[in-house]
Amino acid sequence: MNRRGFLSKTSLAALSAAIGTEIFYGAQIPAGYRLIAEQDPDLFARYHKDRDMVILNKRPINIEARAHLLNDDVTPERCMFVRNNGKVPVELQAENWELLIDGESVRQGRSFSLEELKTTFPHYSYNLTLECGGNGRSEFDPPAKGNQWTVGAVSCATWTGVRLRDVLREVGIKQDAVYVGYHAADLHLSGDPRKEVISRGIPMAKAMQEETLLAFEMNGKPIPEIHGFPLRLVAGGWPASVSGKWLKGLSVRNQVHDGPKMESPSYRVPCDPVAPGTEVADENMCIIESMPVKSLITYPRTGAVLETGRSLRINGHAWAGELQVKEVSYSIDFGATWQECTLDKPVNRLAWQNFRAAVTFPSEGYYEIWARATDSRGVSQPMVLPGWNPKGYLNNACHRIAVKVV
Ligand SMILES: Nc1nc2c(c(=O)[nH]1)N[C@H]1C(S)=C(S)[C@@H](COP(=O)(O)O)O[C@H]1N2
Ligand SMILES: [Mo]
């Protein structure tokens, strides 16, 4: 330990931010000393997460919500799941942040400062549902490797930014444009700066939708550090992996983007259904686009106990990727019969929809409440597991909670 030097004010400020509170005797920390809290950081404090959230992995950081934490119409930072493939970039600064737009299909590459984006283009706000393609993975059998998400890798926050299409039109796009791929500032776990962690993308049609944003605010404030500060591509209704955090670049491509995690089997499912456990050749795996219809009961939390003779108010959210949800029903008899819930319209396209119902029970006993949503094309959630796939994506089985009437 070097007793001669002490930490500089800026390193001390960074440390305090990392720990989530002021270090009272911070001025006394010898230079070169590593705090215990740095070696085993309190991720809840560090990233402002509810202590009921579940840490699935610390390296990279992956944290999921529980169903009851997602009860708000607009998901607060506290309850928003975290999915990282690499390391959270350090010392992020909005000043001097540049976004480079290049690729075979731009007329001429150019970059915008964040400030320029904000001052040049009109701002829009949308509530956008972001669900990880692997949400629900934990239920597949044979199991799939990766984060064992249960139900909590979904959010619907208010995102504010400029439209990607306004920016692309300003830059000038060639006729042969097919895809827009993103590039981000996070570092590979290996620490190798030449390795890109993840660089996915969206077809032009999705890129040009009015709700597809280059966002700089979440819920009315600068985007939280771990959710992509200071700039993020946000494309609701698709696997959240296309919504690139810490956005540094966009490549307008004349072919399907081929960055890391675009290749098979990442974020792909068999083009045709397969039996559980089947090995599927790369060429028979298709890129996931719109997410399937799904719903979540967010109140009460599972395990609720109710006095007999009372009715139980339930509520939750339903979403269907690019489509709207047209109906949500619930069952208390393991799917034998279904009753319709009241369902709200989305506040805007690609936002989840709230549903509610007053449930009555015939007698004392143990019950399960199952919820099932149906999209505008008439496709409903499966009651149990949907099609098995090698990476465990797209589990949109009915959500279930347990209730005891005593
Ligand atoms: N730069 C970058 N963007 C990223 C990721 C990442 O690891 N790095 N993960 C993606 C995945 S797989 C998901 S599900 C969402 C998670 O967003 P969130 O952590 O804000 O909830 O971010 C996506 N964007
Ligand atoms: Mo994801």
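A nitrogen atom of ligand 1 lies 2.6 Å from an N or O atom in the side chain of Asp-186, in what is a predicted model throughout. Around this ligand the protein forms a shell of 19 residues, of which Phe-81, Asp-186, His-227, Arg-232 and Lys-245 come nearest. The points below deal with the ligand site, then with two annotated domains, and finally with some backbone details.

**Ligand 1 and its surroundings**

- Oxygen atoms of the ligand also have partners in the protein: one is 2.7 Å from an N or O atom in the side chain of His-227, and an oxygen atom of ligand 1 is found 2.6 Å from a polar side-chain atom of Lys-245.
- Taken alone, ligand 1 exposes 540 Å², and the protein buries 99% of that area.
- The space that ligand 1 takes up is the largest cavity, and the elements giving two or more residues to the shell around the ligand are strand S5 (82-83) and strand S10 (179-184).
- By residue class, the shell around ligand 1 divides into nine nonpolar, six polar and four charged residues.

**Annotated domains**

- An unreviewed UniProt entry places the feature "domain: Oxidoreductase molybdopterin-binding" at residues 86-259; over residues 86-259 the chain is 11% helix and 32% strand, with the end C-alpha atoms 15 Å apart.
- The annotation "domain: Moybdenum cofactor oxidoreductase dimerisation", which likewise comes from UniProt (unreviewed entry), covers residues 287-405; over residues 287-405 the chain is 0% helix and 45% strand, and here the end C-alpha atoms are 45 Å apart.

**Backbone details**

- Arg-59 and Pro-60 are joined by a cis peptide bond with an omega of about 0 degrees, and Pro-60 itself lies in the loop that runs between strand S3 (54-58) and strand S4 (61-64).
- A cis peptide bond also joins Ser-264 and Pro-265, where omega is about 5 degrees; Pro-265 has its place in the loop between strand S15 (247-253) and strand S16 (268-270).
- Lys-261, although it is not a glycine, has a positive phi of about 80 degrees, and the place of Lys-261 is in the loop between S15 and S16, which is where Pro-265 is also found.

Conventions: Residues numbered from 1 in each chain as written. Chains lettered and ligands numbered in written order. Predicted model: local features only at pLDDT ≥ 70, side-chain atom pairs only at ≥ 80, totals over all residues. Heavy atoms only, no water. Near = heavy atom within 4 Å. Polar contact = N/O pair within 3.5 Å; in protein donor to acceptor, adjacent residues only side chain to side chain. Areas by Shrake-Rupley, 256 points an atom, 1.4 Å probe, with all protein chains shown as cover. 1 Å grid on protein atoms, 1.4 Å probe; cavity = no way out; pocket = protein on both sides within 12 Å on 5 of 7 lines; lining within 4 Å. Sits in = over half its atoms within 2 Å of the grid points. Helix = DSSP H or I, 4+ residues; strand = E, 2+ residues; numbered from the N terminus. Nonpolar A, V, L, I, M, F, W, Y, C, P; charged D, E, K, R; others polar. UniProt positions renumbered as here; feature names shortened; annotations may be inferred.
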